[in-house]
Amino acid sequence: MPNTPSLTSPGSPASPATPFPSPASGHSEGVSNEEFRAAMSRLASGVVLVTAQEPPLDPDDPLAPRGEDVGMTATAFVSVSLDPPLVLVSLREGSRMDDLLDEQPLWAVSVLSESQRHIAGRFAMKGRVSDRLLFADIPYVRGEATGAPLAGGALATLECRTEQRVPAGDHTLVIGRVLTAALPSADGGPLTYFRGRYRQLG
């Protein structure tokens, strides 16, 4: 058995181990869900639209209908590496996008501008209508590398291929290699999310 350093001084009786604090609301260090959420709400984040296209119903048939487009609003999106170019998005485990990207490695990101708050709100709705209706009146083009919708008027667009999926608590961290990057619009500032609300700089 390896030697472990004693926490008591030589010759003193060993004291019983001190128990760790009991978990609070599922967090081992005692922070509650509400405290954690409130603290993180003070971190301003950019807002993006993550999109992907479902695989065709019959991949071997070139005439088979395309799968449906799927989109979701995300604020947990960051750059990871320059060489190779990698980004990361955090998806709620078991969400439609998480399930889709488990089988579809190609996806895209549109960095939303301050004038696209309606897009962010639409794709963040709970109990929402079908994705086909959500895309119905939003201008977009299809990415050449992924086939995923890229929102018109976005400050930047990225097309990605999944390199790694990492389970992390109740979310999945999806790391993607950037295949294309474009700046379709230079107008306006970024849409941000702070203290539970969409905001703009200035």
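How many salt bridges does the count come to? In this predicted model the count comes to nine, a salt bridge being a side-chain nitrogen of Lys or Arg within 4 Å of a carboxyl oxygen of Asp or Glu.

**View 1. Arg142 pairs with Asp69.** Their side chains meet in a salt bridge, with N to O at 2.6 Å. Arg142 sits in strand E7 (residues 140-142) and Asp69 in strand E3 (residues 69-74), so the pair ties together parts that are 73 residues apart in sequence. Helices (H or I, at least four residues) and strands (E, at least two) are DSSP runs, numbered from the N terminus. Asp69 is buried, at 9% relative accessible area, while Arg142 is partly exposed at 30%. Here buried means under 20% relative accessible area, exposed over 50% and partly exposed in between (1.4 Å probe, protein chains only).

**View 2. Arg165 meets Asp98.** The closest N and O atoms of this salt bridge are 2.7 Å apart. It links strand E9 (residues 156-168), home of Arg165, to helix H2 (residues 96-103), home of Asp98, across 67 residues. Arg165 is partly exposed at 27%, and Asp98 is buried at 4%.

**View 3. Arg165 also meets Asp102.** This salt bridge has N to O at 3.4 Å. Asp102 lies in helix H2, 63 residues from Arg165 in strand E9. With 54% relative accessibility, Asp102 counts as exposed.

**View 4. A shared network.** Glu54, Glu68, Arg96 and Asp131 are joined into one network by salt bridges that share partners.

**Notes.** Residues are numbered from 1 along each chain as its sequence is written, and side-chain values use heavy atoms, leaving out hydrogens and water. As this is a predicted model, local features need pLDDT of at least 70 and side-chain atom pairs count only at pLDDT 80 or more, while totals for chains, interfaces and linings use all residues.
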